[in-house]
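User: I would like a close look at the enclosed space inside this protein. Please treat the matter in one connected account, and set it in the context of the surrounding architecture.

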Amino acid sequence: METIRDFNFGGFPCRAALYSPQELYPAETSLFVGDRNTATLVSRPSGSAEVILEPGEKAKQWPAVDTILKKAMDLGMARDSLICGAGGGVVTDMTAFAGSLYMRGCRVVLIPTSLLAMVDAALGGKTGIDAGVYKNMIGSFYPAEEVRICPELLQDLPEKEYWNGMGEVFKTAMIGDQELMEILVRDRNRVKAREPELLGEIIRRCILVKGSLVEEDLREKGRRAFLNLGHTFGHALEAASGLDWSHGAAVIWGTAKALDAAVAMGLADAAWAESLKKLFLDYGYELKATVAPEAMLEAMKMDKKKKGGRLRYIIPAGPQDIRIEYLEPEFVLEILKA
Ligand SMILES: NC(=O)c1ccc[n+]([C@@H]2O[C@H](COP(=O)([O-])OP(=O)(O)OC[C@H]3O[C@@H](n4cnc5c(N)ncnc54)[C@H](O)[C@@H]3O)[C@@H](O)[C@H]2O)c1
């Protein structure tokens with residue numbers, strides 16, 4: 001085990017650490033939660049109590065949490081008992097949510113198994129479920145006491161999921177780690193080859209950026225919102241395209257639109273913005289969307305990251321220079337049409 005950092009998220013201590021596959025499972029676990037794809041990735045003693053969920057976003061609803069809570073009750077778990085959730089962001093969000101509810105909060109350790117969950121979802125205390133079609137409508141802030149990361153688990157992650165997570169890596173590099181951006185520019189072939197050592201370094205850097213923003217602002221009153229870079233545009237594309245776009249690809253497309261907005265507002269240097277868009281294209285991301293701009297604007301109006309009725313955008317003004325701006329719908333439509 002190698003500690004990445006010990007964080008304090010609003011009074012909740014949280015350790016992020018790198019583990020080998022053999023030492024990944026916490027010995028004190030009372031209840032293990034995984035999905036059908038991820039449960040097999042973590043070896044654990046035979047006969048361990050477990051809840052194995054259906055994989056994917058569709059399962060991220062109340063019945064899954066109910067199943068976890070009932071199992072915890074059947075086992076007679078106490079408040080100091082430990083639930084361990086191993087999976088992508090769906091499993092880590094739901095396990096931590098169930099943990100926040102059980103006896104008003106029991107111990108939770110998360111083992112993220114997708115790249116997205118390692119660099120983003122498992123760290124930072126946002127937990128929750130979807131309510132019907134409404135994403136992450138019900139939830140809590142409840143950081144896990146430990147996030148155990150094993151980059152070797154990424155070797156069998158489906159290609160689409162890998163590039164999904166890499167979208168959040170680009171976002172994190174733009175927000176807070178110029179050296180990570182340089183790694184992404186320089187080591188493209190190693191990134192594509194999923195070299196475990198390089199992935200360990202990339203994940204470690206993402207954890208440090210996200211963790212320090214969350215330490216400063218657990219409840220997203222200020223700078224934590226930087227982590228939504230590319231998300232207001234990206235969510236609108238996801239919603240208006242009927243979820244044809246994967247989340248990570250939509251975040252990259254949305255980041256490119258945020259760069260266009262920054263240049264149009266006179267905040268960002270056009271050559272810098274173009275160099276980033278070229279990098280995204282070189283990595284195989286799509287920067288053209290065949291979705292009606294008006295439909296995307298409507299979807300944005302539904303986005304919950306509104307404040308006082310105005311739409312809030314995270315705008316990259318330069319390397320590590322991120323601004324929160326409120327934009328007029330007419331301007332946003334022009335950017336969407338470009
Ligand atoms: N809490 C937060 O701060 C936060 C941040 C970002 C995203 N999220 C949430 O994360 C979720 C998305 O997470 P995701 O992209 O990991 O999706 P996911 O959990 O659905 O995982 C994607 C797929 O990959 C499979 N999988 C995971 N790890 C694997 C591995 N190592 N090998 C093979 N298959 C594997 C899963 O079974 C699933 O089928 C969303 O619900 C989103 O709301 C939460």
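How much space lies in the largest cavity?

Analyst: The model is a predicted one, and in it the largest cavity holds about 50 Å³ of space. A search of the whole structure finds two cavities of 30 Å³ or more.

The lining of the largest cavity is made up of Thr92, Asp93, Ala96, Leu110, Ala121, Ala122, Gly125, Lys126, Thr127, Tyr142, Pro143 and Ala144. By class, these residues divide into seven nonpolar, three polar and two charged. Two elements, α2 (89-101) and β7 (126-131), each supply at least two residues of this lining. The greatest contribution comes from α2, which gives three residues.

One lining residue of the largest cavity, Lys126, leads to another part of the chain. Leaving aside neighbours within four places in sequence, Glu220 is in contact with Lys126, Ala225, Asn228 and Arg312. Glu220 is placed in the loop between α7 (196-216) and α8. Its relative accessible area is 16%, so Glu220 counts as buried.

Asn228, also a contact of Glu220, belongs to the lining of the second largest cavity. The volume of that second cavity is about 40 Å³. Asn228 is joined in this lining by Gly230, His231, Thr232, Phe233, Gly254, Ala258, Tyr313, Ile314 and Ile315. Here the classes are five nonpolar, five polar and no charged residues, whereas the lining of the largest cavity includes two charged ones. At least two residues of the lining of the second largest cavity come from each of α8 (231-240), α9 (247-264) and β11 (310-318).

The domain division gives the wider setting. The protein is divided into domain 1 (2-216) and domain 2 (229-337). Taken over C-alpha atoms, the centres of domain 1 and domain 2 are separated by 26 Å. Across the boundary, 24 residues of domain 1 are in contact with 22 residues of domain 2.

The nonpolar packing may be considered next. The largest nonpolar core has 98 residues, among which Met166 and Leu184 touch the most other members. Because domain 1 and domain 2 both give residues to this core, it lies between them. A second, separate core has 20 residues, including Val33, Val65, Val91 and Tyr102. As for Met166, when residues up to four places away in sequence are not counted, it touches Leu115, Leu184, Val191, Leu199 and Tyr285.

Finally, the open space may be set beside the enclosed space. The second largest pocket has a volume of about 250 Å³. Of the 14 residues that line this pocket, Trp253, Lys257, Leu287, Lys288 and Ala338 lie nearest its centre. The elements α9, α11 (293-302) and α12 (329-337) each supply at least two residues of the pocket lining, and α9 gives the most, with four residues. Thus α9 appears in the lining of this pocket and also in that of the second largest cavity. The pocket lining has nine nonpolar, no polar and five charged residues, while the lining of the second largest cavity has no charged residues.

Definitions and conventions: Residues numbered from 1 in each chain as written. Predicted model: local features only at pLDDT ≥ 70, side-chain atom pairs only at ≥ 80, totals over all residues. Heavy atoms only, no water. 1 Å grid on protein atoms, 1.4 Å probe; cavity = no way out; pocket = protein on both sides within 12 Å on 5 of 7 lines; lining within 4 Å. Points joined across faces, edges and corners; volume = space filled by probe spheres on them. Nonpolar A, V, L, I, M, F, W, Y, C, P; charged D, E, K, R; others polar. Core = buried A, V, L, I, M, F, W, Y, C linked by side-chain atoms within 4.5 Å. Buried < 20%, exposed > 50% of the residue type's maximum accessible area, 1.4 Å probe, protein only. Domains from an automatic or database assignment. Contact = heavy atoms within 4.5 Å.
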